[in-house]
Amino acid sequence: MWNFEKYSKKVACITEFGQWTYGQIDSLAEEFAQYVPKRSLILILCRNTPGSLFSYLCSMKTDCVPLLLPANMDMAAFKEMMHTYHPNYLCVPKDMAEVFSMEKRFELEDYIVLHAFEEKVEMYEKLGLLLSTSGSTGSPKLVRQSRENVKANARQITEYLELKDDERPITTMPMNYTYGLSIINSHLLVGAVLLLTNRTLFETEFWEFFKKEKATSFGAVPYTYKMLKRLRFTKMDLPDLRYFTQAGGKLSLELHREYAEYAKSSGKKFIVMYGQTEATARMSYLPWEKSLEKIGSIGIAIPEGRFSLRDVNNQEISKPDMVGELIYEGPNVTLGYAQKQGDLILGDERMGVLITGDMAKKDEDGYYYIVGRKKRFIKVFGNRMNLDEMELAINKNCNVESAICGEDDFVEVYVVKGGEILPVEKYLQERFHLHPSAYAVKEVDEIPKNDSGKILYSKLMEGREK
């Protein structure tokens with residue numbers, strides 16, 4: 001999908017320790033192919049380092065199927081993945097290689113390719129990539145993506161972001177995470193320079209590398225933007241930064257406004273996006289010119305994509321400001337799920353249509369707003385309630401960090417210690433008219449979240465059951 005030959009003399013990747021051209025990566029892929037047969041299933045334990053990136057690119061270039069997982073994943077979860085899928089090869093950091101008693105096949109900078117299972121893995125001919133939606137927990141459930149899905153979404157992203165070959169994006173998310181990977185795919189498609197770092201935004205070295213290499217863009221999830229506020233990001237001197245993007249969950253209205261205003265005043269672009277691994281990565285974007293006018297919106301469908309809203313009778317909603325389930329159609333809609341090795345032979349089960357599971361509404365101008373998850377609606381004494389809206393309202397009006405779980409006729413509010421419970425209880429009664437018998441407010445040390453900052457409601461419920 002990438003034209004490495006066209007950009008062979010251009011620099012593709014820069015780290016704190018060196019740089020590599022597109023031509024060098026192409027040569028690595030040719031060598032890789034001598035050791036790893038086509039259509040091999042390759043499990044890659046990812047870091048934002050050259051070897052990890054090259055393992056992925058070489059796998060894709062040589063018609064193998066990479067399965068991307070975080071290098072810091074729980075070992076028990078890793079073993080379950082190995083047992084479930086029996087990958088032919090492992091690509092792992094050299095400092096982890098001694099853990100595995102497997103034959104070494106090939107080295108890729110700081111990574112090593114190990115021969116794992118000999119058996120041939122039967123896979124659908126168009127299957128190109130496997131990603132997990134569960135972060136470091138490593139659930140065996142994977143999203144099956146075709147090469148066309150990956151290429152189409154990269155193409156769509158380059159179009160609406162108007163990417164050129166002089167872009168210099170810096171990595172801020174794991175490459176096994178669909179958002180982080182989409183930044184890599186789309187920028188390499190246009191011959192841009194990827195600034196690759198395993199540093200976090202909380203390290204001085206990250207910002208030193210950012211400034212030295214003149215990063216032009218970065219992407220981040222809501223949790224990261226909260227942290228950037230603490231780091232006084234808007235006060236930093238970043239003259240080369242052109243734009244920054246947000247996805248991976250809903251940003252608070254206050255932070256959306258703050259970053260949009262900063263972008264406007266500093267001559268930069270702030271672009272909110274929406275996506276799911278099931279759609280390869282991106283489904284919508286909010287044009288930067290509308291970032292202040294449409295605060296809270298996920299924007300419009302990306303090029304070649306289409307949104308629609310369906311009511312409870314599966315009828316399309318055409319009137320504005322009516323809530324329905326969000327449906328997306330486009331070439332980036334993935335093939336389906338896999339929960340065992342035998343599922344890898346399955347073909348296209350979605351046929352270009354994704355039922356997102358998100359509830360949304362559309363305004364008169366055609367801009368969409370997510371109002372919650374379909375499964376996050378419950379009825380309390382006959383009244384339909386949106387747990388996501390309740391959570392946002394409590395956090396804003398009670399000045400606490402909370403998370404809400406619930407089932408019909410009962411709501412559980414978990415408040416991080418340090419917040420006051422009594423105002424929350426009062427707010428539940430006055431704002432949502434809940435009787436004390438219909439809710440419980442509990443203190444917790446922290447709200448459990450995954451790698452991208454999304455709340456793990458199942459973990460809260462596990463704690464409740466114990």
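Colleague: Which residues lie nearest the centre of the second largest pocket, and how many residues line that pocket?
Modeller: Happy to start there, bearing in mind that this is a predicted model. The second largest pocket holds about 690 Å³ of space. Its lining is made up of 29 residues, and nearest the centre lie T172, M173, P174, T200 and D451.

Colleague: Which helix gives the most to the lining of the second largest pocket?
Modeller: By class, that lining divides into 13 nonpolar, twelve polar and four charged residues. With three residues, the element that gives the most is helix α7, residues 222-230.

Colleague: Let's turn to the enclosed spaces. What is the volume of the largest cavity, and which element gives the most to its lining?
Modeller: The whole structure has three cavities of 30 Å³ or more, and the largest contains about 90 Å³ of space. Its lining counts 15 residues, with L161, I183, H187, Y243 and T245 nearest the centre. Two or more lining residues come from each of α5, β11 (217-220) and β12 (243-246). The top contributor, with five residues, is α5.

Colleague: And how many charged residues line the second largest cavity?
Modeller: This cavity holds about 80 Å³. Among its 13 lining residues, L181, S182, N185, T280 and A281 are the closest to the centre, and β8 (127-132), α4 and α5 each give two or more residues to the lining. The classes are seven nonpolar and six polar, and the number of charged residues is none.

Colleague: On to the rings. How do W2 and F4 pair, and are they buried or exposed?
Modeller: The structure holds 32 aromatic pairs. In the one formed by W2 and F4, the centres are 5.8 Å apart and the planes differ by 15°, so with the cut-off for stacking at under 30 degrees this pair is stacked. The cut-off for burial is under 20% relative accessible area. W2 has 5% and therefore counts as buried, and F4, at 1%, is also buried.

Colleague: Which charged side chain lies over the face of Y337?
Modeller: There are two such contacts worth a look. R282 lies over the face of Y179, 4.8 Å from the ring centre. For Y337, the distance to the ring centre is 4.1 Å and the residue is K141.

Colleague: What is the phi of E109, and where does this residue lie?
Modeller: E109 is partly exposed, with a relative accessible area of 40%. In space, E109 is 12 Å from T15, C-alpha to C-alpha, although 94 residues separate them in sequence. E109 is not a glycine, yet its phi is positive, at about 55°. Its place is the loop between β6 (103-108) and β7 (111-115).

Colleague: Is T15 buried or exposed?
Modeller: T15 is found in the loop between β1 (11-14) and β2 (19-21). Its relative accessibility is 8%, so T15 counts as buried.

Colleague: Last one: why is the chain described as being as compact as a globular protein of its length?
Modeller: The chain has eleven helices and 25 strands. Its radius of gyration is 23 Å, and the globule rule gives 23 Å for 466 residues, so the chain is as compact as a globular protein of that length. Of those 466 residues, 56% count as buried. Along the principal axes, the C-alpha trace spans about 70 × 50 × 45 Å.

Definitions and conventions:
Residues numbered from 1 in each chain as written. Heavy atoms only, no water. Phe/Tyr/Trp six-rings, centres within 6.5 Å; stacked < 30°, edge-to-face > 60°. Buried < 20%, exposed > 50% of the residue type's maximum accessible area, 1.4 Å probe, protein only. Lys NZ or Arg CZ within 6 Å of the ring centre and 35° of its normal. 1 Å grid on protein atoms, 1.4 Å probe; cavity = no way out; pocket = protein on both sides within 12 Å on 5 of 7 lines; lining within 4 Å. Points joined across faces, edges and corners; volume = space filled by probe spheres on them. Helix = DSSP H or I, 4+ residues; strand = E, 2+ residues; numbered from the N terminus. Nonpolar A, V, L, I, M, F, W, Y, C, P; charged D, E, K, R; others polar. Rg over C-alpha atoms; globule rule 2.2 N^0.38 Å.
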